[in-house]
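Colleague: Could you take one part of this model and go through it closely, with the cut-offs behind each term stated as you use them? I would like a connected account rather than a list.

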Amino acid sequence: MKRLTFLVAFLLAAQVCAQEVGRMDELQPQQKADATELKLTGELSTKGNSDFRQLRDLCWQLRRLDLGEARCTDIPDNALHSRHRLEAVVLPRKLRTIGSQAFFACSSLRELTLPEKVESVGSAAFSMCTGLEQLTIEGTPRLGDFAFAHLRSLRRLTLRSAVPPPASPTAFEGIDRTQVEIEVPRDSERLYRKAEGWARLFGHVAASEEVCQPERVLVPMPARLERCEGEALTVNRRWEVEAGPDLANETGHAMRLIAKRIFGQTDAPKPKGRAVLRLDLDAALGHPEAYTLEVDKEGVRIVGGGQAGVFYGLMTFDQLLRGEAETRCCAAIPWLRIEDRPRTEVRELMVDPCRTFVPFDELKAFVPEMARYKLNSLHLHLVDDQAWRIEIKAYPELTAQASKRVGMDDMLRVDSGYYTQDQMRELVELAARYHVQVVPEIEMPGHEVAAIHVFPQLTCHAKEVPIRTTCGVSDELLCPGSEFTYEFLGKVFRELAEVFPSPYVHLGGDEAGNPALDCWTSCPNCQALKRQLGITTTDRSENWRLQEHLFNRVIDTLRTKHGKTPMFWYETDFKRIQPGCVTFAWRHGLTRAALDAAVANDAKIMLCPGEHCYLDYPMAPGDMPEVNWGMPVTSLEATYALDPAWGMGEEFERNNLFGVAGTLWSECINSPERIYYQAYPRAIALAEVGWSHAAVRSWKGFLQRLAPAVRDLQRRGISCSLRYEGAEGFEQR
Ligand code: TNX
């Protein structure tokens with residue numbers, strides 16, 4: 001009877017959807033954007049701008065999807081990645097394979113049936129489908145790593161096959177089995193209990209016996225790692241944290257870390273004996289981020305050059321406990337001594353909440369993850385042509401009129417939201433606890449269409465422009481010949497200075513029109529300013545001096561009034577750079593020119609060359625974002641290959657190198673989970689580039705040490721791209 005009710009409920013749920021078409025190409029763009037229920041019956045494509053990519057990225061309101069009659073045997077990787085609104089899906093009857101992360105974080109899905117012919121379910125295919133209550137598996141598909149991880153709401157699992165499907169031991173990771181009713185064919189339960197991958201779900205968990213091999217698991221690689229004589233320290237103990245003064249924050253991290261890794265394992269046997277995690281400060285280490293970590297029979301001792309050093313020692317300890325990440329925590333750690341310190345000062349990720357808004361809680365969640373790998377700077381790109389995302393009290397119109405739009409290229413979706421100043425203070429405070437600084441960016445003179453839309457007088461001829469809904473470069477620029485521009489920027493930067501304590505402010509400076517700075521040529525105010533500055537030409541040739549004037553005035557205010565160091569994206573139009581500024585080398589192929597300019601002008605340089613550091617680009621051909629504005633590929637190996645000194649030698653590194661940064665421009669990143677997918681694992685490669693000294697780096701070693709980090713990401717329900725050679729399952733696909 002119960003089953004009948006389910007069947008009726010399911011049929012109702014799957015009831016023929018309102019709109020029925022063969023393939024997506026039969027629908028108009030607006031129909032895709034409006035669709036809430038779709039039934040596709042044709043032969044579905046899986047590559048490029050495929051039916052699946054369109055379902056995922058264009059049908060942003062889709063709630064029910066019926067593919068039952070579709071001619072489709074393979075659902076590609078990431079097919080409906082993070083479609084939070086999707087409530088019901090009927091899978092194609094002829095389906096054979098489901099790709100990795102195909103339904104990752106489809107958090108509104110309630111029930112699901114895997115048809116009988118399905119042969120394999122890729123890794124993390126349904127991970128984080130946190131609303132899924134009922135799952136039925138008709139046949140015997142191979143269930144990949146973390147395929148159904150974190151199904152927190154799962155209450156009923158029905159398995160129709162008498163023979164257990166071959167399952168990875170992690171396939172059902174993070175499921176509270178006391179909440180799940182499992183139904184298997186009569187007389188099969190014994191088989192399931194014994195079968196690989198199922199034992200865990202049926203209640204048997206073998207404790208880990210792993211003795212951590214630090215050389216194989218730490219990332220970024222520490223400067224020195226030495227094994228010591230002695231029997232490995234068993235981990236299952238009663239841990240106590242002892243700390244010297246001024247380490248309250250780090251003590252909190254230490255206790256949380258122990259609770260997450262060691263305690264709280266439901267099946268762990270009683271702890272045996274005591275162990276101490278001792279934390280101390282010692283300025284003699286010579287760098288606030290330096291630390292030493294020792295393991296012996298008493299426990300673990302971490303000494304930091306400053307609080308950040310102690311924190312990084314803890315992050316290393318966490319990785320030792322995680323070991324190979326076959327389980328959450330290893331059994332023992334060998335006696336050892338680590339001496340570690342960073343190679344570069346600033347190791348940064350840039351997040352772009354303009355093209356796609358990042359809800360505040362998701363933005364906060366990004367910080368602890370980057371801090372695990374000793375990344376220490378979060379750069380927030382708060383303003384662009386497509387949106388203004390930060391509350392400015394002097395100009396409430398900015399967020400009121402420019403933080404909501406419909407459309408980002410072919411995705412006709414609503415994108416709205418902004419951060420209040422209080423939220424930003426909260427972010428700054430949270431980030432500080434993880435030793436991450438938050439650097440705000442306000443673009444000038446280009447990438448400012450959102451502000452110009454609100455205040456046309458910011459641009460030449462007070463031109464009225466709509467908020468931009470496509471990617472690319474806009475020709476409307478802030479007008480350097482108008483006093484209002486300076487008044488506006490002055491007020492904006494004053495408020496920012498009160499919210500963000502970081503000593504740095506980023507001023508943008510990139511892609512100011514095409515041809516560059518041309519908007520100023522026909523403007524009477526700009527021409528008047530030229531005359532004032534003694535510039536005799538009226539064409540575009542010396543417009544760079546207007547840009548210099550604009551920057552100099554703003555830089556002067558930032559330095560004298562707010563004590564800030566300005567940063568900007570390097571363009572060849574910056575003919576002179578003020579000493580002490582930080583320039584970002586980002587343009588593909590222009591790194592050497594940017595470095596030479598920085599050295600010649602006694603400026604610092606942040607290395608984020610597109611060919612290594614643009615994490616918005618796909619990691620391999622066909623990886624997300626499959627449809628984009630023509631991005632090249634930035635492979636994991638390319639990111640890892642970055643030399644932060646760019647072959648310029650030690651003197652450059654000492655005097656001019658500021659750090660390394662990875663960018664996550666969000667034109668094509670349309671969900672928070674996809675930010676992680678783009679960032680990881682390349683952000684881990686970048687972390688090693690920035691932290692580890694050349695002598696301890698090796699690509700092969702990195703790949704080996706990355707595998708446990710990736711497994712741990714998956715275990716914690718975080719999305720990441722597996723499109724790199726050496727990743728589990730990469731070869732087959
Ligand atoms: C160039 S990088 C830009 C951004 C885009 C990005 C896309 C830079 C300083 N400017 O406005 O979002 O390319 O990859």
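Modeller: What follows is a close look at one helix pair and at a residue of its second helix. The model is a predicted one, in which local features need pLDDT of at least 70 and side-chain atom pairs count only at pLDDT 80 or more, while totals for chains, interfaces and linings use all residues. Residues are numbered from 1 along each chain as its sequence is written, and side-chain values use heavy atoms, with hydrogens and water left out.

Two packed helices are described by the angle between their axes and the distance between the axes. Here the pair is helix 20, residues 682-691, and helix 21, residues 699-715, whose axes come within 10 Å and cross at roughly 130 degrees. Helices are DSSP runs of H or I with at least four residues, numbered from the N terminus, and axes are lines fitted to C-alpha atoms over the stretch in contact, with angles from 0 to 180 degrees between N-to-C directions. Helix 20 and helix 21 are therefore oblique to each other, the term left for angles that are not under 35 degrees (roughly parallel), over 145 (roughly antiparallel) or 65 to 115 (roughly perpendicular). Their crossing is right-handed, that is, the near helix is turned clockwise from the far one by less than a right angle.

On the side of helix 20, the residues that meet the partner are I684, A685 and E688, and on the side of helix 21 they are F702, R705, L706, A709 and L713, where contact means heavy atoms within 4.5 Å. By class, the residues of this contact divide into 6 nonpolar, no polar and 2 charged; Ala, Val, Leu, Ile, Met, Phe, Trp, Tyr, Cys and Pro count as nonpolar, Asp, Glu, Lys and Arg as charged, and the others, Gly among them, as polar.

Helix 21 also holds R711, and R711 is buried, with a relative accessible area of 10%, since buried means under 20% relative accessible area (exposed is over 50%, partly exposed in between, with a 1.4 Å probe and protein chains only). Leaving aside neighbours within four places in sequence, R711 is in contact with F146, E324, A325, E326 and E728. For E324 there is a further detail, as its backbone oxygen lies 2.9 Å from a polar atom of the R711 side chain.

Methods. Helices (H or I, at least four residues) and strands (E, at least two) are DSSP runs, numbered from the N terminus. A polar contact is a pair of N or O atoms within 3.5 Å; within protein, one must be able to donate a hydrogen and the other to accept it, and residues adjacent in sequence count only if both atoms are side-chain atoms.
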